[in-house]
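Student: I'd like to go through this model with you, one question at a time. Can we start once it's on the screen?

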Amino acid sequence: MTDHPTGATSVLDRLAAHRLVPVVVIDDAQDADALGAALVAGGLPVAEVTFRTPAAADAIRVLRARGDVLVGAGTVLTAAQVDQAVAAGADYVVSPGTSRAVVERCAEHGVLALPGAVTATEVQAALELGVTTVKFFPAGASGGAAAVAALAAPFGGVRFVPTGGIGPADLADYLALPAVAAVGGSWMVPRDLVRAGGTAAVRTLVADAVTLATSLRP
Ligand SMILES: O=C(O)C(=O)C[C@H](O)[C@H](O)COP(=O)(O)O
């Protein structure tokens, strides 16, 4: 399956082709279909649904059922949550840190794991688990794009998905780095807007982010 004009097919290639990952905190799974429609209409059929609310698994299920959104599970802290995320149809799993249990359970399921790492030690630990793309989280609080560039120097084979404390004004610095596969953020899909059914506003935020990211392509 591909959802990008580049024809990218692997989950990681699809994420890299879109260059943006909307990080979703959803309170009611009934909002998920309209959110999916807004993402697709905005030109960014990608969603990382965080396991920060009880609605996460059901929202992932709804988005997956659409068939037109690349759906990830975020804030996955345990192997049991990996099982829940995969059962709901998540295409990939994201966690704030690097957990052997989470990464290994993802491998058992055959789904992409994007564990969090912001130091050389954490990146090296992820590499030892067979991971070559990490979520650089919390990006804003950990030195931002300069820190990603510094890590990319010794870890030439690693790609990063900076997330956390990132807004539109930060995109240029991150997307200029070849080591950055994509940039994640909740600014595209604010929780209160999703909860209020503000899908038109979400569509505009998403479309603006896509326009900006596209303008920054090398
Ligand atoms: O634990 C996880 O995997 C997370 O859910 C972390 C989130 O991706 C960030 O907290 C999003 O950061 P903002 O874009 O600043 O809202």
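Tutor: Sure, let's talk through the ligand site and then a few local features, keeping in mind that this is a predicted model.

Student: Which residues come nearest to the ligand?
Tutor: There are 14 residues around the ligand. Within that group, the ones that come nearest are Arg52, Thr75, Lys135, Gly165 and Ser186.

Student: How far is an oxygen atom of the ligand from an N or O atom in the side chain of Ser186?
Tutor: Let's go through some polar contacts, where N or O atoms have to lie within 3.5 Å. Arg52 puts a polar side-chain atom 3.0 Å from a ligand oxygen, and Gly165 uses a polar backbone atom, at 2.7 Å. For the side chain of Ser186, the distance to a ligand oxygen is 2.5 Å.

Student: How much of the ligand's accessible area does the protein cover?
Tutor: On its own, the ligand has 420 Å² of accessible area. It also takes up the space of the largest pocket. The share of that area covered by protein is 85%.

Student: How many residues in the shell around the ligand are polar?
Tutor: Split the shell by class: 3 residues are nonpolar and 3 are charged. The polar count is 8.

Student: Which residues form the aromatic pair, stacked or edge-to-face?
Tutor: The count comes to 1 aromatic pair. One ring belongs to strand 6 and the other to strand 7, 24 residues apart. The centres are 6.5 Å apart with 80° between the planes, and over 60 counts as edge-to-face. So it's an edge-to-face pair, by that cut-off, formed by Phe136 and Phe160.

Student: Where is the cis peptide bond?
Tutor: Most peptide bonds are trans. Here one has omega near 0°, and its Pro138 is found in the loop between strand 6 and helix 7. The cis bond runs from Phe137 to Pro138.

Student: What is the phi of Arg19?
Tutor: Most residues other than glycine have a negative phi. Arg19, in the loop between helix 1 and strand 1, isn't a glycine, yet its phi is positive, at about 65°.

Methods: Residues numbered from 1 in each chain as written. Predicted model: local features only at pLDDT ≥ 70, side-chain atom pairs only at ≥ 80, totals over all residues. Heavy atoms only, no water. Near = heavy atom within 4 Å. Polar contact = N/O pair within 3.5 Å; in protein donor to acceptor, adjacent residues only side chain to side chain. Areas by Shrake-Rupley, 256 points an atom, 1.4 Å probe, with all protein chains shown as cover. 1 Å grid on protein atoms, 1.4 Å probe; cavity = no way out; pocket = protein on both sides within 12 Å on 5 of 7 lines; lining within 4 Å. Sits in = over half its atoms within 2 Å of the grid points. Nonpolar A, V, L, I, M, F, W, Y, C, P; charged D, E, K, R; others polar. Phe/Tyr/Trp six-rings, centres within 6.5 Å; stacked < 30°, edge-to-face > 60°. Helix = DSSP H or I, 4+ residues; strand = E, 2+ residues; numbered from the N terminus.
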